[in-house]
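Colleague: Before I rely on this model, I would like to go through it with you. Could you take my questions in turn?

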Amino acid sequence: MLSARLVSVQPMNSERPQSTERLKSAIGCIRKAGLGLSLLMQTRFEESLPYFDKAVDLAPHNASYRNNRGVALMELGKYKEAAADFGAAEQSVNADDRLSATVNQGRLLLRQKDYSPAEHQFTNALARDPQSFAAMFGRASAREGAGDLE
């Protein structure tokens, strides 16, 4: 099975330069995103942005890159830009990416003290994954912020 996969990705002689360039681009994209994520985890949000920007430029449909850049933007108070990234990530075909984007949108709304829409986002996330601690905690925070302590 492995050899069949290798054959399917092995470029023909005429395709090698293009395939090599695609591979280099993919590796560069992963490196940029990895550096950005490392800086994000160190709370170095401003420094992480150029790496996420480059990763998104290289792979605009990668929801993980969008989610991570959105978090950095949110932490920097750039809410409109963060919302755009979370919205794009929510269009992913990957269920985990969609869940993360929905939770992050809820967190963004919490930051803006927009409690009812935040609760709605977290409820949507819980419909996707009833065991999501982040969504449960977020919904409880939204309800508390709105004064709904019942």
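The exchange below goes from confidence and overall fold to charged pairs and aromatic rings.

Modeller: This is a predicted model, in which local features need pLDDT of at least 70 and side-chain atom pairs count only at pLDDT 80 or more, while totals for chains, interfaces and linings use all residues. Residues are numbered from 1 along each chain as its sequence is written, and side-chain values use heavy atoms, with hydrogens and water left out.

Colleague: Over which residues does pLDDT stay under 50?

Modeller: pLDDT is the predictor's confidence in each residue, from 0 to 100, and its mean over the chain is 85, with 80% of the residues at 70 or more. Where pLDDT is low, the predicted coordinates should not be read in detail. The stretch with pLDDT under 50, for which the model has three contacts (heavy atoms within 4.5 Å) beyond four places in sequence, is residues 1-15.

Colleague: How many helices and how many strands does the chain have?

Modeller: Helices (H or I, at least four residues) and strands (E, at least two) are DSSP runs, numbered from the N terminus. Read from that end, the elements run α-α-α-α-α-α-α-α. The count is therefore eight helices and zero strands.

Colleague: What share of the 150 residues in the chain is buried?

Modeller: Buried means under 20% relative accessible area, exposed over 50%, and partly exposed in between, with a 1.4 Å probe and protein chains only. By that rule, the buried share of the 150 residues is 33%.

Colleague: Which helices hold D53 and R69, and how far apart in sequence are the two residues?

Modeller: D53 and R69 form a salt bridge (a side-chain nitrogen of Lys or Arg within 4 Å of a carboxyl oxygen of Asp or Glu), their closest N and O atoms being 3.0 Å apart. Because D53 lies in helix 3 (residues 45-58) and R69 in helix 4 (residues 63-75), the pair ties together parts of the chain that are 16 residues apart in sequence.

Colleague: Is R69 buried or exposed?

Modeller: Its partner D53 has 32% relative accessibility and counts as partly exposed. R69 itself is at 13%, so R69 counts as buried.

Colleague: How many residues apart are R111 and E75, whose side chains meet in a salt bridge?

Modeller: The N to O distance between R111 and E75 is 2.7 Å. This pair links distant parts of the chain, with R111 in helix 6 (residues 95-111) and E75 in helix 4, and the separation is 36 residues.

Colleague: Which residues are joined into one network by salt bridges that share partners?

Modeller: The structure holds seven salt bridges, one of them between E47 and R44 at 2.7 Å, N to O. The network formed through shared partners consists of D53, R66, R69 and D85.

Colleague: Why is the pair of F133 and F137 called stacked?

Modeller: Rings of Phe, Tyr and Trp (its six-membered ring) pair if their centres lie within 6.5 Å, with planes under 30 degrees apart counted as stacked, over 60 as edge-to-face and the rest as tilted; by this rule there is one aromatic pair. The ring centres of F133 and F137 are 5.9 Å apart and their planes stand at 25 degrees, so the pair is stacked.

Colleague: In which helix do F133 and F137 both lie?

Modeller: F133 counts as exposed at 62% relative accessibility, and F137 counts as exposed at 52%. They are four residues apart, about one turn of the helix, and both lie in helix 8 (residues 133-145).
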